[in-house]
Amino acid sequence: MVLIGASAVYAGTDYHLGTLSHMGPGFFPAAIGTLLALVGLMIAASARSRGNADAVSEKGLPVEGGHGHAFPDLRGGACILLGILAFLLLGEWGGLLPATFAIVFISALGDRTNTIKQALLLASSMCVIAIVVFWWALQLQLPLFRWG
């Protein structure tokens, strides 16, 4: 994350950055890249400070129940990838609301602590936020619903 963020900042400096009141084309990539790099550093710091709280194998994979069976948990990554694919497909053929609902609902199921009810509530809340921010305030040219 830090490398991707730093790369975005570097690429953004090829364009005019401008100021907060008059943003140039390089301002947004540089700002997002900076935020991404900072989040990456915070994640690294929190992982380092956690120490050996979880049992891990020599390969860095979690050890389940202390039985010596090391395996990666693929549920979270799979749900995030499926959510992105659903957003792409539904954004093209279904509109903003179905796409937003799908990406949030499917991605929320990647967390084993979330229930179906929590995922539904989160996805519904994000749909309301998407309507207010993207459709109403920013007037994004993506219809709320599209069939076909």
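Me: Accessible areas come from the Shrake-Rupley method with a 1.4 Å probe. On that basis, what area does the protein expose, and what supplies most of it?
Reply: This is a predicted model. The protein exposes about 10,800 Å², and carbon and sulfur atoms supply 71% of that area. Of its 148 residues, 21% count as buried.

Me: How do you know how the elements are arranged along the chain?
Reply: Runs assigned by DSSP are counted as helices from four residues up and as strands from two. By that count the protein has five helices and two strands. Read from the N terminus, their order is α-α-β-β-α-α-α.

Me: What makes some elements more trustworthy to read than others, and which have the lowest and highest mean pLDDT?
Reply: pLDDT is the predictor's confidence in each residue, on a scale from 0 to 100. Strand S1 (residues 63–64) has the lowest mean among the elements, 52, and helix H4 (residues 96–108) has the highest, 95. Where pLDDT is low, predicted coordinates should not be read in detail. Over the whole protein the average is 84, and 84% of the residues score at least 70.

Me: Why is Thr100 called buried?
Reply: Thr100 has a relative accessibility of 9%. Buried means under 20%, so Thr100 meets the definition at 9%. Thr100 sits in helix H4. Leaving out residues up to four places away in sequence, Thr100 touches Phe87, Met126, Cys127 and Ala130.

Me: Why is Val133 called partly exposed?
Reply: The relative accessible area of Val133 is 33%. Partly exposed covers what lies between under 20% and over 50%, so Val133 falls in that class at 33%. Val133 is placed in helix H5 (residues 116–137).

Me: What makes Val133 eligible for a nonpolar surface patch, and which residues make that patch?
Reply: A patch residue needs over 30% relative accessible area and no salt bridge. Val133, at 33%, is over that cut-off. The patch measures about 1,000 Å². Beside Val133, it is made by Leu122, Met126, Val128, Ile129, Val132, Phe134, Trp135, Trp136, Leu138 and Leu140.

Me: How do you know which parts are annotated as "transmembrane region", and what does the chain look like there?
Reply: The annotation comes from an unreviewed UniProt entry, which gives residues 27–47, 80–107 and 119–138. Such annotations may be inferred rather than shown by experiment. In the model, residues 80–107 are 93% helix and 0% strand, and the end C-alpha atoms there are 5 Å apart. Residues 119–138 are 95% helix and 0% strand, with the end C-alpha atoms 26 Å apart.

Me: Why is Gln139 called exposed, and what is its phi?
Reply: Exposed means over 50% relative accessible area, so Gln139 qualifies at 55%. Its phi is near 50°, a positive value in a residue other than glycine. Gln139 lies in the segment after H5.

Me: Why is Pro25 called exposed, and what does Pro25 touch?
Reply: Pro25 has a relative accessible area of 58%. The cut-off is over 50%, so Pro25 counts as exposed at 58%. Pro25 is in the loop between helix H1 (2–12) and helix H2 (27–50). Not counting residues up to four places away in sequence, Pro25 touches Tyr15 and His16. The C-alpha atoms of Pro25 and Gly12 are 7.8 Å apart, across 13 residues of chain.

Conventions:
Residues are numbered from 1 along each chain as its sequence is written. This is a predicted model: local features need pLDDT of at least 70, side-chain atom pairs count only at pLDDT 80 or more; totals for chains, interfaces and linings use all residues. Side-chain values use heavy atoms; hydrogens and water are left out. Patches are made of residues with over 30% relative accessible area and no salt bridge: like charges are joined within 9 Å, nonpolar side chains (Val, Leu, Ile, Met, Phe, Trp, Tyr) within 5 Å. A salt bridge is a side-chain nitrogen of Lys or Arg within 4 Å of a carboxyl oxygen of Asp or Glu. Buried means under 20% relative accessible area, exposed over 50%, partly exposed in between (1.4 Å probe, protein chains only). Contact means heavy atoms within 4.5 Å.
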